[in-house]
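I opened my notebook for this chain and wrote down what I looked up. The entries follow in the order I made them.

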Amino acid sequence: MTDTSAPLVSLRGRRVILGVTGGIAAYKAVEVCRRLVDAGAHVAPVLTDDALRFVGALTFSALASEPARTSLFDGPDPIPHTRLGQSADLIVVAPATAKLLGKYAAGISDDLLTATLLATRAPVLVAPAMHTEMWEHPAVQENLTTLRRRGVHVVDPEAGRLAGGDEGEGRLADPARIVGAVAAALATGDLAGVRVLVTAGGTREPLDPVRFVGNRSSGKMGHAVADVAARRGAAVTLVTAADHPATDVVEVVRVETADEMADAVLGRFAEVDVVVMAAAVADFRPKATTAQKLKKHDGVPEVVLEPTPDILATLGERKQPHQVLVGFAAETEHVREHAATKLAAKRVDLMVANDVSAPDAGFEVDTNRAVLLYSSGSAEEIPLMPKPDLAGLILDRIVESLKGNQ
Ligand code: C5P
């Protein structure tokens with residue numbers, strides 16, 4: 001089961017103005033609003049007249065942190081735009097129509113949203129959505145070039161189904177991506193602006209509807225890496241097979257099997273800078289699974305196993321020079337030798353090797369001891385320490401590696 005609607009956290013206390021303009025994708029802004037609130041942001045919605053043709057202000061008022069505003073003149077505040085603009089930590093416009101982009105690029109202020117955009121010094125993000133012909137029109141593209149030059153962040157649209165049954169580029173970016181971009185734009189810390197994907201936990205490979213082949217991984221190490229990376233400013237996606245609550249990450253994808261983890265990780269790889277594969281992905285799974293529970297009276301089943309996809313090895317093949325890939329090697333003997341072989345075979349930059357036969361390190365416990373092996377051939381012995389401390393140390397090495405890639 002893959003759940004991409006799990007709560008998102010990391011914008012605690014940040015004041016975000018959500019501008020909504022009049023396109024069919026305005027209904028998706030409801031989801032953006034909900035995710036921003038779930039992420040801890042204080043959300044103030046501002047809807048244009050045309051947005052109100054597609055969605056109701058009441059929907060946003062009910063979900064956001066304060067009532068939706070729709071006009072420069074309808075409230076008690078005589079100058080709402082300057083107050084909104086000055087108090088914002090960030091403004092995100094989703095969807096942003098061609099009309100909004102044109103007015104913003106030209107400096108035209110004729111409603112509350114455009115007035116607020118001109119009255120702010122906060123970072124601004126626009127997530128355009130429109131038909132492909134409009135998206136590709138030189139006027140729209142030139143307006144975007146102007147806005148980008150002025151420091152506006154653009155969350156590019158995706159290709160897919162558009163209004164009226166058409167297909168093509170111009171569909172509003174996925175709400176999770178928009179919220180991730182908001183988090184990245186607001187981040188501070190040595191990983192600010194870095195997109196990190198972390199996997200955690202042990203996958204479960206079903207044998208029948210109630211039984212599975214699993215392992216002893218608790219997910220503590222991976223969740224620690226995700227939490228510490230988020231606290232240091234990274235936009236973190238956590239793909240986890242563990243039950244822990246995830247804190248301070250931008251996106252949580254809950255998975256069960258190696259196949260589900262592979263889909264979640266490979267589908268996001270092109271958009272991230274760093275992958276830390278801390279998950280204990282099952283190497284084998286039952287070749288056959290039954291739809292009904294295996295019954296005792298049918299005799300002892302013969303379980304035949306087959307290999308799972310090696311996610312890390314696939315990432316190693318697809319890795320671009322700017323990306324940093326970190327693997328974990330849980331070993332019970334010849335730790336360094338086995339881990340060094342995996343480092344080379346899977347083409348990772350850093351392999352974190354640990355001896356999981358030791359009672360105070362590895363699976364299920366709160367502490368870990370590791371050897372860090374680098375693609376350069378060097379190695380570093382890390383003494384026993386709490387998992388969040390080891391996470392911090394691994395992230396220090398990742399920061400150095402990212403600097404080296406620049
Ligand atoms: O070969 P081994 O399973 O020991 O390698 C461990 C590393 O490879 C871990 O980082 C783990 O997340 C990753 N892995 C994977 N896909 C698999 C098995 C392991 O990505 N099917």
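**Entry 1: a loop residue and its partner**

Is Glu364 buried, partly exposed or exposed? I looked it up in the model, which is a predicted one. Glu364 is partly exposed, because its relative accessible area is 40%.

Next I looked for what Glu364 pairs with. I found a salt bridge between the side chains of Glu364 and Arg216, at 3.3 Å from N to O. The two come from distant parts of the chain, 148 residues apart. Arg216 sits in the loop between β10 (212–213) and α10 (220–231). Glu364 sits in the loop between β17 (350–355) and β18 (367–374). I then checked the cover on the arginine. Arg216 has 56% relative accessibility, so I noted this residue as exposed.

**Entry 2: a second link to the loop between β17 and β18**

I stayed with that loop and asked: which residue forms a salt bridge with Asp366? The partner is Lys220, and the closest N and O atoms are 3.0 Å apart. This pair also links distant parts of the chain, 146 residues apart. Lys220 belongs to helix α10, while Asp366 is in the loop between β17 and β18.

I compared each value with the cut-offs. Asp366 has a relative accessible area of 53%, and exposed means over 50%, so I wrote Asp366 down as exposed. Lys220 stands at 27%. Partly exposed covers 20% to 50%, and Lys220 is therefore partly exposed.

**Entry 3: a salt bridge between two strands**

I moved on to Glu306 and Arg285. They form a salt bridge, with the closest N and O atoms 2.9 Å apart. Glu306 lies in strand β15 (residues 305–307) and Arg285 in strand β14 (residues 284–286), 21 residues apart. Their cover falls on either side of the 20% cut-off for buried. Glu306 has a relative accessible area of 22%, so I listed this residue as partly exposed. Arg285 has 18%, so I listed the arginine as buried.

One more item went under this heading. Glu31, Arg34, Arg35 and Asp38 are joined into one network by salt bridges that share partners. I also noted the total: the structure holds 28 salt bridges.

**Entry 4: Asp208**

Where does Asp208 lie? I found this residue in the loop between β9 (205–206) and β10. Asp208 counts as buried because its relative accessibility is 3%.

I listed what its side chain meets. A polar atom of the Asp208 side chain lies 2.9 Å from the backbone nitrogen of Val210. The side chains of Asp208 and Arg211 are joined by a polar contact of 2.5 Å. I then left aside the neighbours within four places in sequence. That gave me Thr290, Gln292, Lys293 and Leu294 in contact with Asp208.

**Entry 5: strand β11**

How many of the residues of β11 are buried? I counted 6 of 6 for this strand, residues 235–240, which is mostly covered. In a regular strand the side chains alternate between the two faces of the sheet. I checked which way each side chain points here. Ala235, Thr237 and Val239 point one way from β11. Val236, Leu238 and Thr240 point the other way, and all are buried.

I then looked at the pairing. Strand β8 (residues 195–200) runs parallel to β11, and 6 bridges join them. Within that pairing, Thr237 of β11 is the bridge partner of Leu197. Strand β12 (residues 251–254) also runs parallel to β11, with 4 bridges between them. Leu238 stands opposite Val252 in β12.

**Entry 6: the two domains**

I finished with the domains. The chain is divided into domain 1 (15–187) and domain 2 (195–288 + 300–405). Their centres, taken over C-alpha atoms, are 36 Å apart. How many residues of domain 1 are in contact with domain 2? I noted 7 residues of domain 1 in contact with 5 residues of domain 2.

The area buried between the two is about 400 Å², and carbon and sulfur atoms give 71% of that area. Ala176, Arg177 and Ala187 supply 51% of what domain 1 buries against domain 2, more than any other three residues. I searched the interface for charged and polar pairs. I got 0 salt bridges across the interface of domain 1 and domain 2. I got 0 residue pairs in polar contact there, with both residues at pLDDT 80 or more.

Conventions: Residues numbered from 1 in each chain as written. Predicted model: local features only at pLDDT ≥ 70, side-chain atom pairs only at ≥ 80, totals over all residues. Heavy atoms only, no water. Buried < 20%, exposed > 50% of the residue type's maximum accessible area, 1.4 Å probe, protein only. Pairing = 2+ DSSP bridges. Salt bridge = Lys/Arg side-chain N within 4 Å of Asp/Glu carboxyl O. Polar contact = N/O pair within 3.5 Å; in protein donor to acceptor, adjacent residues only side chain to side chain. Contact = heavy atoms within 4.5 Å. Domains from an automatic or database assignment. Buried area = accessible area lost by both parts, 1.4 Å probe.
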